[in-house]
Amino acid sequence: MDRIVEPVVKDKGGKAVAGPHESAGDRLLKYVPPDVAGFYAVAQAALASYSKDSLASLSASTLGIAILVACIAATYVLLNRQMKSKALQANVKQRLLLSQFTISVIALLVWSYSINSYIWGGLYKSPIAIIATGIFVMFAGIHVPTITAAEKQQSPGTTTGQ
């Protein structure tokens, strides 16, 4: 599965000349990696059981933060591994990776808030969750990474594909 949101290639005038035509839904799925989100949901369910254990040595909130950090790290590793296979110049890859990773972290935080995970504790408010989710979905739908035709040129040693 390709996790990288494909950039649109634009000419000097800013007009799109090439690039995939991913839908807003496709981009949204790539911003929230399903394997990471799935693991996070399962881990939160496990924390629910853990928090009821009277012998638990760490708080569920502490473990929840550790799980979130692990998911953020996994997101970076997954995105970085796939970005390396893209036929783009190294500096363009880094820029696109940073952009997508930042959006993916925001997506994971919004999603974790919207499911009222343990890290949020008493801070959770359902109206805020609905608004934050709506704003993120709209942003993900309109944000399309762009590169110039010159940046699209393949650098030595890179291949296309996933």
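The side chains of K86 and D2 meet in a salt bridge, with N and O 2.8 Å apart. This comes from a predicted model. The K86–D2 pair links distant parts of the chain. K86 sits in the loop between α3 (60-83) and α4, while D2 belongs to the segment before β1 (8-10). The two residues are 84 apart in sequence. Both K86 and D2 are buried.

K86 has a second partner. E6 forms a salt bridge with K86, and the closest N and O atoms are again listed at 2.8 Å. E6 also lies in the segment before β1, 80 residues from K86. The shared partner joins D2, E6 and K86 into one network of salt bridges. Is K86 buried or exposed? Its relative accessible area is 9%, so K86 counts as buried.

The segment before β1 makes another link. R3 and D35 meet through their side chains in a salt bridge of 2.3 Å, N to O. D35 lies in helix α2 (residues 34-51) and R3 in the segment before β1, so this pair ties together parts that are 32 residues apart in sequence. The two ends differ in cover. R3 is buried, at 15% relative accessibility. D35 is partly exposed, at 35%. The whole structure holds 4 salt bridges.

Now step back to the overall fold. The protein has 6 helices and 3 strands. Along the sequence they run β-β-α-α-α-α-α-β-α. Of the 162 residues, 36% are buried. Take the contacts between residues at least 6 apart in sequence: 72% of them join residues at least 24 apart. The exposed surface comes to about 9100 Å², and carbon and sulfur atoms supply 67% of it.

Next, helix α1 (residues 24-31). Its buried residues are R27, K30 and Y31. They cover an arc of only 100 degrees around the axis, which puts them on the same side of α1. The cover over these residues includes α4 (90-114) and α5 (126-142).

Helix α4 offers a closer look at this packing. S104 is in α4. At 2% relative accessibility, S104 is buried. Which residues does S104 contact, leaving aside its neighbours within four places in sequence? They are K30, Y31, P33, T75 and L79. Two of these, K30 and Y31, are among the buried residues of α1.

After α4 comes a loop that leads to α5, and N116 lies in it. N116 is not a glycine, yet its phi is positive, at about 55 degrees. N116 is partly exposed, with 38% relative accessibility.

Helix α5 has 17 residues, which should span 24 Å at 1.5 Å a residue. Its end C-alpha atoms are 25 Å apart, which agrees. In α5, A129, F136 and A140 are buried. Their arc around the axis is only 40 degrees, which puts them on the same side of α5. These buried residues pack against α1 and α4.

What does the face of α5 turned away from its buried side carry? It carries the exposed residues P127, I130, I131, I135, M138 and I142. I131, I135 and M138 make a nonpolar surface patch of about 340 Å². So helix α5 has A129, F136 and A140 together on one side, while the face turned away from them holds exposed residues such as I135.

Definitions and conventions:
Residues numbered from 1 in each chain as written. Predicted model: local features only at pLDDT ≥ 70, side-chain atom pairs only at ≥ 80, totals over all residues. Heavy atoms only, no water. Helix = DSSP H or I, 4+ residues; strand = E, 2+ residues; numbered from the N terminus. Buried < 20%, exposed > 50% of the residue type's maximum accessible area, 1.4 Å probe, protein only. Contact = heavy atoms within 4.5 Å. Areas by Shrake-Rupley, 256 points an atom, 1.4 Å probe, with all protein chains shown as cover. Arc of directions from axis to C-beta. Expected span 1.5 Å × (residues − 1). Patch = residues over 30% accessible without salt bridge, like charges linked within 9 Å, V, L, I, M, F, W, Y side chains within 5 Å.
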